[in-house]
Amino acid sequence: MSTDLRRIGEKARSDHRLVFTSLYHHVTDVDNLRACYEALPADRAVGVDGVTKEQYGEKLEENLQGLSQRLRRMGYKPQPKRRSYIPKPGSEKGRPLGISCFEDKLVELALKWVLEPIYEPIFEASSHGYRPGCSQHGCLDVLGRTIQQKRVSHVVEADIKSFFDKVNHAWMLKFLRQRIGDPRIIRLIARMLKGGILEDGLVKATEEGTPQGSILSPLLSNIYLHYVLDLWFSRVVGPWCRGEAYYFRFADDCVPRRRTGGRSPPCSCAALEMREGPSEPPFRWGLQTTVSCVG
């Protein structure tokens, strides 16, 4: 990561309300794009154009210069993602992925390197998925210690149904504008979200969702759920509960827990908080959850 990008992270940590208005040149910078090329592994699945890292690298400088010029004049247009499926328990068809072309992966990684230092400082400690220094093992460790050491009587496990397929693009861009004041960055992300999916020989428009398999998708999903779910729990649901309430999220799976002694029988109250809550989010944004309760 370049010195300029580290400075962005320092500014973001020092002022959580700062809006960044000049970021796009980091995405178009040839040196940053070259660093992205070096960082990308060579053994990943190819996109709709079939171009591998090795093939792209045969004329690397020419390709990077051309990509940078198209980005600068806003002439860059992402290609549709190739639909692929991997095994998923309980599903015959499998988990859908969207595989980007290699050049699109370069731009996705460049965007991630710009956005991640800005949003990492404001993410809640309850968010554990797809973040630097975080893992599912760390999440389970904190979860286990909370159950053992805190005054917890009931546990609710919630999963957001088809979350990556249902992300609302308009709200996604509104959330990004909370910290990103460079309209070119917003416009580029909007193009990526609307890039389409190639499946069975047909390109389908993507009016919602951020496909799994994209380099940028995990970060965008964390930004979305930070505003929709994490802040909702910490600022609304938690204070609304009587007794102690804790919350952990890994990607689109979350585990709220609370102590006995609330406004209604504890298990039904916890489930109600996730299904309806004291206020409307996350259902205000069209997300559906499946909820199970223990206790």
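This report walks through the overall fold, a helix pair, one histidine, the cavities and two loop residues of a predicted model.

Residues are numbered from 1 along each chain as its sequence is written, and side-chain values use heavy atoms, with hydrogens and water left out. As the model is predicted, local features need pLDDT of at least 70 and side-chain atom pairs count only at pLDDT 80 or more, while totals for chains, interfaces and linings use all residues.

**The chain as a whole**

Let us start with the overview. The protein chain has 12 helices and eight strands; these are DSSP runs numbered from the N terminus, with helices being H or I of at least four residues and strands E of at least two. Of its 295 residues, 46% count as buried, where buried means under 20% relative accessible area, exposed over 50% and partly exposed in between (1.4 Å probe, protein chains only). Among contacts with a separation of 6 or more, 73% join residues 24 or more positions apart; a contact means heavy atoms within 4.5 Å.

**Helix α11 and its surroundings**

Helix α11 (217-240) is a good place to look next. Its axis and that of α9 (residues 169-176) come within 10 Å and cross at roughly 85°. Axes here are lines fitted to C-alpha atoms, for helices over the stretch in contact, and angles run from 0 to 180 degrees between N-to-C directions. The two helices, α9 and α11, are therefore roughly perpendicular to each other, given that angles under 35 degrees count as roughly parallel, over 145 as roughly antiparallel, 65 to 115 as roughly perpendicular and the rest as oblique. From α9 the contact draws on W171, M172, F175 and L176, and from α11 on L220, I223, Y224, Y227 and V228. By class, this contact has nine nonpolar, no polar and no charged residues; Ala, Val, Leu, Ile, Met, Phe, Trp, Tyr, Cys and Pro count as nonpolar, Asp, Glu, Lys and Arg as charged, and the others, Gly among them, as polar.

H226 also sits in α11. This histidine is buried, with a relative accessible area of 3%. Apart from neighbours within four places in sequence, H226 touches I122, F123, E124, L231 and R249. The C-alpha atoms of H226 and S126 are separated by 9.7 Å, although the two residues lie 100 residues apart along the chain.

**Cavities**

There are three cavities of 30 Å³ or more. A cavity is a set of points, on a 1 Å grid over the protein atoms alone, where a 1.4 Å probe fits but cannot get out, and lining residues have an atom within 4 Å of a point. The largest has a volume of about 80 Å³, the volume being the space filled by probe spheres set on the points, which are joined across faces, edges and corners. Its lining includes K81, E108, T210 and P211. Helix α10 gives the most to this lining, with three residues. By class, the lining has six nonpolar, three polar and two charged residues.

**Two loop residues with positive phi**

Neither residue in this table is a glycine.

| Residue | Phi | Loop | Relative accessible area |
|---|---|---|---|
| S162 | near 50° | between β3 (154-160) and α8 (163-166) | 37%, partly exposed |
| D200 | near 55° | between β4 (197-199) and β5 (202-204) | 72%, exposed |

Methods: 1 Å grid on protein atoms, 1.4 Å probe; cavity = no way out; pocket = protein on both sides within 12 Å on 5 of 7 lines; lining within 4 Å.
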